[in-house]
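I opened this model to look up a helix face, the core packing and the cysteines. My entries follow in that order.

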Amino acid sequence: MKQNNGPLSGLKILDFTTLLPGPYATMLLADMGAEVLRIESPTRPDMLRGLPPMVGEGNKVSAAHATINRNKQSLALNLKHAAAGEIVRRLLAEYDVVLEQFRPGVMDKLGLGYAALQQTRPDLIYCSITGYGQSGPLQDRAGHDINYLALSGLASYSGRAASGPSLAGTQVADIAGGSHHAVMGILAAVYQRQQSGKGSRIDISMTDCAFALNAVSGANALAGAGDPQLEAELLNGGSYYDYYRTADGRYLSVGSLEPQFAQQFFAALGHPEWLQRVLEPDQQESLKRDIAALIATRTQADWVRRFADGDACVEPVLNFGEAAGSALLRERRMLCRADFDDGTALAQINTPFDFDGDKPDVHTAGAKLGAHSRELLNLLGYSDEEFERLCDEGAVT
């Protein structure tokens, strides 16, 4: 694996997670220099490994898996085997952070819960990501991103009044909720341990985190403003802050809320007098209709040229390819390369973290299942003969 001397160099993490929330969290940590070891089932591979398109070595590797699990090692370990507990405990001599994503109680049944592992590593940081948390009436219930957003209240005012709630282009509760909050919780626990020597048990509920994302609208509702509604809030379509279709079927984003930006926006439209309508609540719907009708008369490129020299918070809605090829994201080094073992390479989205003006441009693509099993067990003191025996027994691969 390529060495990453990022700010988290020296932090070692055992990652028991699959799919998106946990692996995305450990990708961010690995991008910042942490050493991440994935503990994967040899009989129930991560479903992300099978998600097309397939690339890399013989076109047998999922592009998504190769990205989200980059810069990590893989140990294929059957957690139900009697030897698994001892292997994990030996690993804890070096790895002091555990991230898991099973339903509550599963790791306890395997003998790998926080209480059990803390006996081996008293300063252990143990983070669990679940849909509904380690306690409460839904703790054992299955769920997905769409369900967490529904129960958090966010979905109730995200969409259009005419059609109801709409799906986002990415998994908001999984990533902004589970992944990002797990990273924040782990890093806070690392800081606390540096000060006190104590470990932590971190309970990340993706529904809790999504509920916290209600932020401004939620604060207003709790202060007596009532429940936020579809297309009724300042930033969800209740004002002219919105997307507008252009003559060629593309879109513009208009975020010209502040007076100085609004003045430039309406001036560029050729209707500076419309600025007066912004402060009139009964004019909002008609104002939006007038803006939409005018923007629909020109192509997106025409409007981009018109707003190019201004400062009105108006930008084109780009597709992914356009965004990836833009001067902005190329200058920000948001594209990188990941290498496979056979020497082939894959273009990937780079880490957004820039420390001291630098970020890695080359990563190691997500590893094959069990790619590091023998090497790791040898380092733990298992001989090649013992490794082969454990393979024969189905404990490792």
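I looked up helix 6 and found Asp145, Tyr148, Leu149 and Ser152 buried, where buried means under 20% relative accessible area, exposed over 50% and partly exposed in between (1.4 Å probe, protein chains only). Helices (H or I, at least four residues) and strands (E, at least two) are DSSP runs numbered from the N terminus. Down the axis of helix 6 the buried residues fall within an arc of 100 degrees, so they line one face; the arc is taken over directions from the helix axis to the C-beta atoms. Helix 7 and helix 8 are among what covers them, contact being heavy atoms within 4.5 Å. Gly153, just after helix 6, has a positive phi of about 95 degrees.

The model is predicted: local features need pLDDT of at least 70 and side-chain atom pairs 80 or more, while totals for chains, interfaces and linings use all residues. Numbering starts from 1 along each chain as its sequence is written, and side-chain values use heavy atoms, without hydrogens and water.

Next I checked the largest nonpolar core (buried Ala, Val, Leu, Ile, Met, Phe, Trp, Tyr and Cys joined through side-chain atoms within 4.5 Å). It has 32 residues, and Ile13 and Cys127 are among those touching the most other members. Helix 6 and strand 10 are among the elements that each supply at least two residues; helix 7 gives the most, 6.

Last, I counted 0 disulfides, a disulfide being two cysteine sulfur atoms within 2.5 Å. The sulfur of Cys209 is 9.3 Å from the closest cysteine sulfur, in Cys127, too far for a bond. Cys209 is buried at 8% relative accessibility, whereas Cys391 is partly exposed at 24%.
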